[in-house]
Amino acid sequence: MAKKDIKKALRDFWYGKPHSAEEGGRRLGDLHEEKTHLYKHREWRGVKDTLYYFYMIWLYNYIFMVKDVMVMGGPLNFAKGVWRYRWVGQTYLPVLHWFDRGLEGMRGEAMKASAWHYRAMVSTTIRQFQRMFAADTRLHGGKQNELYKHTIAHNETVWGGVFYPWDGEITNVPLEMIPYFVTCHVNSHTVLNYIDAVQSIGLPGDPCPMCQAEAGIFVLDDVPDYAPAVVTCNEACDASVSTSTLQDWFFDKPLFSLPMPMQFDDPLVKKYCAREIEELWKFVEQQYGIPFSWDKLVRKLEQQNELQRFEWEKWEVDAKTSYYPINGVAQALYRIYQTQYGDWEIWHVTDRKVRRIMEKCVSKKINTFPQTRHRVIAWSCAPLYYSNWCTWAYNCWGLNVVINMDSLMFDMEIRTDSYEHALEDMAQYHLWAPMRRMAVGGMKHMFELWEYMEKFNCDMVAMYDQLQCKGVQGLHGLFEDEFRDRNIKAFWIPHALPDSRTVSRAEIRSLINDYMTTVMHEEPLDPSLLDFDDSMTW
Amino acid sequence: MKTRKPDRKKEFRCRVVLAGSENDDPEFTKLIESCGARVVCDRYCYGSMESRQIIHIPEGEDPLLAIARHYLETSNCPRFMPQDEMRARKRRIAELAKEYKADGVIIASNKFCEYWSYERVIDTVILRRDFGLPVCSIEKEYINSASGQLRTRFQAFVESVEIKQIQEEGK
Amino acid sequence: MCKFGKFLLKACGVLLLANAALFCVFFFDLDGKLLFRVVEPFLKNHYDKMERKDTLKAPYEIDKFPKYSYDS
């Protein structure tokens, strides 16, 4: 072996192979087994990063997942839940592979910070399903225990913050966040059972598959019976309303529907939105016999505001520098999870860790994504079964998804100086909910894309095209026209939200590959990632 | 047999309530009636049960307010979400069937109308199971193009209603 | 060497072996392979065979819940 080769081999061992093909790249695609996308062996990221990944991500998360299960509900409830509910056993056991897919190819501070985001999501997921199992009458011989009596179920699109006034006394657990939303990211096959189930009872195939799946969990009798009352919502769209009718039937419990007005910029409408929130609070008081607490609401809102302020700091770094240590998928998922679920201790713990890493990157000017060729903004609703497409896009093409639409929702603090102000801002918060403001919120809001492109210094748009979303479908042509008129480089990612059968991951990659070769005339950073078969992967 | 006078030929073979989402295509109703079913009550978005009721304006009230109240209080659109409303809608269809002496219900949802897509799923089960009403559940385009397929469905439905009537008469 | 020293040496040896074993599981994705090829198929088979109640038989009491009204 030549001296040069030995030097290179030692360098590759110590630092990990370089990213791009020109530099004798790492060829991440060669690590995967055909179809399953399991690893022949996990990536060698250099001594430091590999050991960090092994100890602080892989082992740490396994240990802390076990700890979370032990502390939040116990192993017996967990075992019963796994045995009873498909969405646990089929999905959440291979959760470390979800980490692997999202963090593939990442090194250094970006790997560390993004992994903390994943850790927080995993912990909150465990907390939720353990609470479901601990309160579930089906797992406890039909008995309604104390936990059952102090839990409230709600649609995943109901903002968890509306239950802040009962913090510590009533625990809110979304009905579909864990059985549906998170499963799509971790194992894309689970949700297909639910979509098929609801279609088997006569529902047509054209409604939004998210809502189909939400109803399908009930059709397959795969929802724990963990709460005496439920709150549903019309967010984000018609299909959510309609899903409530099916959920009402199968859940058969007192149900409060929270119809948030669809007009966004009319102050009169905000007044009605506020009224609906108050009606919801009245319902909770009536059902649980526990009074509303203004002090608890204030405390939780202020904690939430703290999270929002840090999020703005992160955006500042993201927009103006190349030192932002969070990758596209971690940014999107963490933000939507955190804001939709509401304030929780783990978010603050995670933010403290991420703050330290971010400050280190800024002070030492660490370029966290050094192979960035294009700064991309992702707009509209992302494909849940391929949320880590941005990791692949960075590794293959140097497309760094610096910000996405879902992150930009809920972009406000809530005043706590008076009840009226708090209620007014909470109403506004609802009007700015995910998929509301920028996906179906009217031209002015949908075209906020251009302002954010400028703010985040993006030169490219990844436009998600949810094929079964009636709201955004009608605007496809308008966006095309605007991209042309404004001379914006944009590519479309068609998908069916959780349903990987309509547009496969391979097809999404192929569309991006075509765009990058035929329109942008670029060569891939890692050619081994261009074309591979991951049809059976989680 | 020689002296027996034949029964008077019925103009239609059964009476149906037509429920569902938007329908402003008279050809659709004609198609149903050409299959032998008389539409005795129209409870769809542009039908008389939904949108051609009298709006009462109390003495001294603003007409606009009266119209708003009317829509909120009388509409059976599945977009209304209060729990009691969600359930009462099913009974209203059954009551209409009783009031208009209908033999069955045709529920027609438009493609892409989310509300009625889901509502139809429930109605199809509940109206049959809990109210004993024969139900024909179909999805249609806004402008009726699949008339051949729909004709087959309606004809089969009319026959099944007739068979049920014969069986009940025989009991 | 004293007893404690020997114990310490043994403990280090065990820890080192455990580390090496875990690292092998990690590096060769043995956890993923086990879950994909053994655990998941077993559980999926269990879920597919599970007896589930027919949810379409669930009762639908029209008057079960009171009429909703806004208090002024």
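# A tour of the model, stop by stop

Start by selecting chain B, which has six helices and four strands. Keep in mind as you look around that this is a predicted model. Follow chain B from its N terminus and you will meet its elements in the order β-α-β-α-α-α-β-α-β-α. Its C-alpha atoms fill a box of roughly 70 × 35 × 30 Å along the principal axes. Chain B has 171 residues, and 49% of them count as buried. Now think about contacts in chain B between residues at least 6 apart in sequence: 63% of these join residues at least 24 apart.

**Next stop: helix H5 of chain A**

Select residues 95–102 of chain A, which form helix H5. Eight of the eight residues here are buried, so the helix is largely enclosed by the rest of the structure. Click through them: Val95(A), Leu96(A), His97(A), Trp98(A), Phe99(A), Asp100(A), Arg101(A) and Gly102(A). What do these buried residues pack against? Their partners in chain A are H2 (47–71), H6, H8 (177–186), H14 (328–341) and H16 (389–397), and chain C adds its own helix H2 (30–49).

**Next stop: a pair of helices**

Show H9 (residues 190–200) and H10 (residues 209–219) of chain A; their axes come within 7 Å and cross at roughly 80 degrees. That makes H9(A) roughly perpendicular to H10(A). By class, their contact has 10 nonpolar, three polar and no charged residues. To see it up close, display side chains including Tyr194(A) and Ile195(A) in H9(A), and Gln212(A) and Ile217(A) among those they meet in H10(A).

**Next stop: two strands**

Select E3 (residues 230–233) and E4 of chain A, which pair in the parallel sense over four bridges. Look for Val231(A), standing opposite Phe256(A) in E4(A). Are the two faces of E4 (residues 255–258) covered or open? Both are covered: Leu255(A) and Ser257(A) on one side, and Phe256(A) and Leu258(A) on the other, are all buried.

**Last stop: the largest nonpolar core**

This core holds 205 residues, and those that touch the most other members are Trp87(A), Tyr180(A), Trp379(A), Trp389(A), Phe479(A), Phe483(A) and Ile512(A). Helix H6 (residues 108–135) of chain A gives the largest share of the core, 14 residues. Finish by centring on Ile512(A): leaving aside residues up to four places away in sequence, Ile512(A) touches Trp389(A), Trp392(A), Trp397(A), Leu399(A), Phe491(A) and Ile493(A).

Methods
Residues are numbered from 1 along each chain as its sequence is written. Chains are lettered from A and ligands numbered from 1 in the order in which they are written. Side-chain values use heavy atoms; hydrogens and water are left out. Axes are lines fitted to C-alpha atoms, for helices over the stretch in contact, and angles run from 0 to 180 degrees between N-to-C directions. Angles under 35 degrees count as roughly parallel, over 145 as roughly antiparallel, 65 to 115 as roughly perpendicular and the rest as oblique. Contact means heavy atoms within 4.5 Å. Ala, Val, Leu, Ile, Met, Phe, Trp, Tyr, Cys and Pro count as nonpolar, Asp, Glu, Lys and Arg as charged, and the others, Gly among them, as polar. A nonpolar core is a set of buried Ala, Val, Leu, Ile, Met, Phe, Trp, Tyr and Cys residues joined through side-chain atoms within 4.5 Å. Buried means under 20% relative accessible area, exposed over 50%, partly exposed in between (1.4 Å probe, protein chains only). Two strands pair if DSSP finds at least two bridges between them.
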